[in-house]
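Let's take a friendly walk through this structure together. Have your viewer ready, and follow along as we go.

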Amino acid sequence: MHYAELAKAREELTGPGGAFEIIRIDVNGIAVRAFRHALPDVRALWQSTKPFADRTYLVFGDERLTYAEAHGHVDAIAAWLAAQGVQPGDRVAIAMRNYPEWLLIYWACVSTGLAVVGMNAWWTAEEMAYALADSAPKALFLDAERLDRFREIAEPPAVTLVGVRLRGPEPGVSSLADVIAHGGAMPEVAIDPDADACIFYTSGTTGFPKGAQLTHRGCITNLYNMLYAGASTALAVQRATDVAPPASPPVPVSLLTTPLFHVTANNCGAYATTAAGGTIVLMYRWDAGEALRIIARERVTSIGGVPVMARELINHPDFATTDVSSLTAMSGGGAQVPPDLVHKIESRVASARPSTGYGMTETCGIITSVSGDFFVDKPDSAGPAMPSYEAKCVDDAGNTVPPGDIGELWVRGAAVIKGYINRPEATAAAITDGWLHTGDIARIDEDGFIFIVDRKKDMVLRGGENVYCAEVEAAIYRHPAIAECCVFGVPDHRLGEEVGVAVLLKPGERLDDAGLRSFCGGLIANYKVPRHILFMTEPLPRNASGKFLRRELRDRLSQDLPTP
């Protein structure tokens, strides 16, 4: 493989005068790596798309919106929010499916110094109430399903409500269609690069989600990391093979399949396609057959999502008879791509190459990226760290381990979040002198490629969604029959992991699988509810320090599961 050429490409692109020149800047008292030529803020990114006026920007079913139309809608939303007294530094929440309006509201807010609070569309009323109280938005944009859930909150917060695609007029709720129809100009504002662009919630280790503060600088840095990843790979391959890339690459048409309240779809998928003046195609819900029809109809060039989506796509009975020749990239994120899937994409999709990015909400997107020949050659790798990061593996004392040894991966760079709102202790525990503790156990090989080998934190990664064990345990312990419980990840062929739990009931209590799941379903989102339940007749096993032996319980439960 051409790893020497990849290293040379990195030096050329990130060195003095390079298109992705790296410098050190001070961010909140910490010297971090950053791109010299990066745009100053997300407003500048959105404004840079005005020359694409006549191009199609958003597609949803039969609906199509050009960049010019999108700018008109975005301006109107921004003007309306300003007229309501929502000022730079305030927060605005979005709770809805992946409708086109999600992105229009997002660009309106970040372009005027408002921080977007991404509300998980699967949250229960209780989870929604917590996030609203935690983030205190001035306005909440929500669709019909989320409005129903908002109405379930016993003591709803005082917040301006704006409805999107409602079933009809709703008392106390403004219509986004009316907001857009009113028109208006976008307010002129100056934006601090280190101000919050959005608040995205991660599952909480203490039973409550944490609101990660993604800054304008962090979001823009992630965009440039992605642009660099493509440029460096292309340059390395060109140097090694002497085959130049096409003079006029096609305008990207991206099918976004994961929720926009996550960095995978928003910061990675939407940002990159928008910056290139491409078309974003949205789906009401994931369906592999429908995705194939969209790819053929819209001439989709790239599709990204969690790995299970790529697997379902190429295994679908219509795959062989569908024209997918427009595809040039199939990416997997939010979970590690199994090596066999890398080779299946490479062999079964003639026009597309496999790619992946490893990242976190806490890094505004990707930490690493790998694609094409490099991914095929090292299919169990997450790729090299992007140039805006310093990366190291450390032992339990925080000391850097020798090259090639295993340790917890720490990264530092301009894309690391500012912290968690209202959670100074959680921020201090997660970030040390600018170094983010990823919670993942990794090794870095001689080519600088990072391999994730284990997980330090007690977390289940279910189809790209992080589920913290403590959060599920906190919900289960609210059931009066529970004496002990321990939540863990159970290997799952389709989703990577499923949520499992071992429980011990109090003497004389009775509870079955259905009863426990029903109870949990009223407290936490469905994807967090345990699929596999092991009822114990004796106390759960513990180690010398009194902690439950999660792996032992996982292995015991897994033994009774059918082989896929």
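What follows looks at one sheet with the helices that lie across it, and then at the enclosed cavities.

Please keep in mind that this is a predicted model. Let's begin with the sheet. Strands in a sheet are held to one another by backbone hydrogen bonds, in either a parallel or an antiparallel arrangement. Here the sheet is an open one built from three strands, ordered β26-β27-β28, and its pairing is mixed. At the edges sit β26, covering 482–492, and β28, covering 532–536, each of which pairs on one side only. On average, and ignoring direction, neighbouring strands of this sheet are turned by 20° against each other.

Now zoom in on one pair of strands. β26 and β27 (residues 496–505) run antiparallel, and 10 bridges join them. If you would like a landmark in this pairing, find phenylalanine 488, which stands opposite glycine 500 in β27.

Two helices come next. Which strands does each of them lie across? Helix α15, made of residues 469–476, lies across β26 and β27. Its direction is at about 140° to β26. Helix α16, made of residues 513–521, lies across β27 and β28, and runs at about 120° to β28.

Let's move on to the empty space inside. Rolling a probe the size of a water molecule over the atoms reveals where such space remains. How many cavities of 30 Å³ or more does a search of the whole structure find? The search finds two.

The largest cavity holds about 60 Å³ of space. Its lining includes Thr257, Trp286, Ile303, Val306, Met309, Leu313 and Met330. Three elements give two or more residues to this lining: β14 (302–305), α11 (307–315) and β15 (329–332). Sorted by class, the lining of the largest cavity has seven nonpolar residues, four polar ones and no charged ones.

The second largest cavity has a volume of about 30 Å³. Among the residues that line it are Pro307, Gly332, Val337, Leu341, Ile345, Ser355 and Phe375. The elements giving two or more residues to this second lining are α11, β15 and α12 (339–348). Which element gives the most to it? That is β15, with three residues. By class, the lining of the second largest cavity comprises seven nonpolar and three polar residues, with no charged ones.

To see how the linings relate, select Ala310, Met330 and Ser331: these residues are listed for the largest cavity and also for the second largest cavity.

Methods. Residues are numbered from 1 along each chain as its sequence is written. This is a predicted model: local features need pLDDT of at least 70, side-chain atom pairs count only at pLDDT 80 or more; totals for chains, interfaces and linings use all residues. Side-chain values use heavy atoms; hydrogens and water are left out. Two strands pair if DSSP finds at least two bridges between them. Helices (H or I, at least four residues) and strands (E, at least two) are DSSP runs, numbered from the N terminus. Axes are lines fitted to C-alpha atoms, for helices over the stretch in contact, and angles run from 0 to 180 degrees between N-to-C directions. Contact means heavy atoms within 4.5 Å. On a 1 Å grid over the protein atoms alone, a cavity is a set of points where a 1.4 Å probe fits but cannot get out, and a pocket is an open set with protein on both sides within 12 Å along at least five of seven lines; lining residues have an atom within 4 Å of a point. Grid points are joined across faces, edges and corners, and a volume is the space filled by probe spheres set on the points. Ala, Val, Leu, Ile, Met, Phe, Trp, Tyr, Cys and Pro count as nonpolar, Asp, Glu, Lys and Arg as charged, and the others, Gly among them, as polar.
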